[in-house]
Amino acid sequence: MAMGFVLVGLATLGLFLPLLPTTPLLLLAATCFAKSSERCHRWLLEHKVFGATIRNWHEHRCIPRKAKLVAVASILLFGSYAVGIAIENIWIRGIGGIILLIGLVFVVRLKVCEDD
C-alpha cells in the first residue's frame, strides 16, 4: 500500500515535470492498491484527475493522446540526448539504444482512447 502512495505522489509530480511519466506510474499505483487495499484502489479509480486514465486502461487498454505524445517526445528527446551525447561508452550506448527502441515501439503501439 505504501508503494501505491509513493507512485501516486510521483504521478502527481509528473503532471508538472515532463520527465516523470504520469500514466505508467498511475497504472502501477492502481496495481499496488488492487493487491493491498480495496478502499485505496476504489479511491484512485474514482479520483477526479486520475480516475479516467486508469479506468480507460483497465476497460479499453488505451491511454490519452497527450500521454502518448509526451511519452514519445520524451523518449526521442531525452533518450537521444542520453545515447547520443551524455553516454561515452559505446557498449552502454548500444544497450541504451536498444532499450529506448523497445520502449518507443511499445508506446507507439498503445491504442489511443477514442473519447480523448
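## A loop residue to start with

Arg-61 sits in the loop that runs between helix H4 (51–60) and strand S1 (62–63). Its phi is near 55 degrees, which is a positive value in a residue other than glycine. As for cover, Arg-61 is partly exposed, at a relative accessible area of 48%. Keep in mind throughout that this is a predicted model.

## The chain as a whole

Now for the wider view. The protein chain is built from six helices and two strands, and reading from the N terminus the order is α-α-α-α-β-α-α-β. Its C-alpha atoms fill a box of roughly 50 × 35 × 25 Å along the principal axes. Of the 116 residues in the chain, 33% are buried.

Take the contacts in the chain between residues at least 6 apart in sequence: 59% of them join residues at least 24 apart. On the outside, the accessible surface adds up to about 7,900 Å², and carbon and sulfur atoms account for 69% of that. The charge count is 12 positive and 7 negative side chains, with the centres of the two sets 3 Å apart.

## Aromatic pairs around Phe-5

How many aromatic pairs does a search of the whole structure find? It turns up two. One is Phe-5 with Phe-33, an edge-to-face arrangement with 4.9 Å from centre to centre and 65 degrees between the planes. That pair links distant parts of the chain, since Phe-5 belongs to helix H1 (residues 2–14) and Phe-33 to helix H2 (residues 22–36), 28 residues apart. The two partners have their own levels of cover: Phe-5 is partly exposed at 42% relative accessible area, whereas Phe-33 is buried at 0%.

Phe-5 also pairs with Trp-43, and here the geometry is tilted: 6.4 Å centre to centre and 40 degrees between the planes. Phe-5 is in helix H1 and Trp-43 in helix H3 (residues 38–45), so this pair ties together parts of the chain 38 residues apart in sequence. Why does Trp-43 count as partly exposed? Its relative accessibility is 38%, and partly exposed is the class between 20% and 50%. Put the pairs together and Phe-5, Phe-33 and Trp-43 make one aromatic cluster.

## The nonpolar core

Phe-33 turns up again in the largest nonpolar core, a set of twelve residues. The full list is Leu-7, Val-8, Ala-11, Leu-25, Leu-26, Ala-29, Ala-30, Phe-33, Cys-40, Leu-44, Phe-50 and Ile-54. Helices H1, H2 and H3 each put in at least two residues. Which helix gives the most to this core? That would be H2, with five residues.

Phe-50 is another member of this core, and it has a good list of partners. Setting aside residues up to four places away in sequence, Phe-50 touches Val-8, Thr-12, Leu-15, Thr-22, Leu-26 and Leu-44. Val-8, Leu-26 and Leu-44 from that list are core members too.

## Two buried residues, His-41 and Thr-23

Is His-41 buried or exposed? His-41, which has its place in helix H3, is buried, with a relative accessible area of 12%. The cut-off for buried is under 20%. Leaving out neighbours within four places in sequence, His-41 is in contact with Ala-30, Phe-33 and Ala-34. Of these partners, Ala-30 and Phe-33 are listed in the nonpolar core.

Thr-23 is a residue of helix H2. It counts as buried, at 11% relative accessibility. Which residues does Thr-23 touch once those up to four places away in sequence are not counted? They are Thr-53, Ile-63 and Ala-67.

## Next door at Pro-24

Pro-24 is found in helix H2 as well. Here the side of the story changes: Pro-24 is partly exposed, at a relative accessible area of 43%, while Thr-23 is buried. Pro-24 and Ala-71 are 47 residues apart in sequence, and the distance between them in space is 10.0 Å, C-alpha to C-alpha.

Methods. Residues numbered from 1 in each chain as written. Predicted model: local features only at pLDDT ≥ 70, side-chain atom pairs only at ≥ 80, totals over all residues. Heavy atoms only, no water. Phe/Tyr/Trp six-rings, centres within 6.5 Å; stacked < 30°, edge-to-face > 60°. Helix = DSSP H or I, 4+ residues; strand = E, 2+ residues; numbered from the N terminus. Buried < 20%, exposed > 50% of the residue type's maximum accessible area, 1.4 Å probe, protein only. Core = buried A, V, L, I, M, F, W, Y, C linked by side-chain atoms within 4.5 Å. Contact = heavy atoms within 4.5 Å. Areas by Shrake-Rupley, 256 points an atom, 1.4 Å probe, with all protein chains shown as cover. Lys, Arg positive; Asp, Glu negative; His and termini not counted. Charge placed at Lys NZ, Arg CZ, Asp CG, Glu CD.
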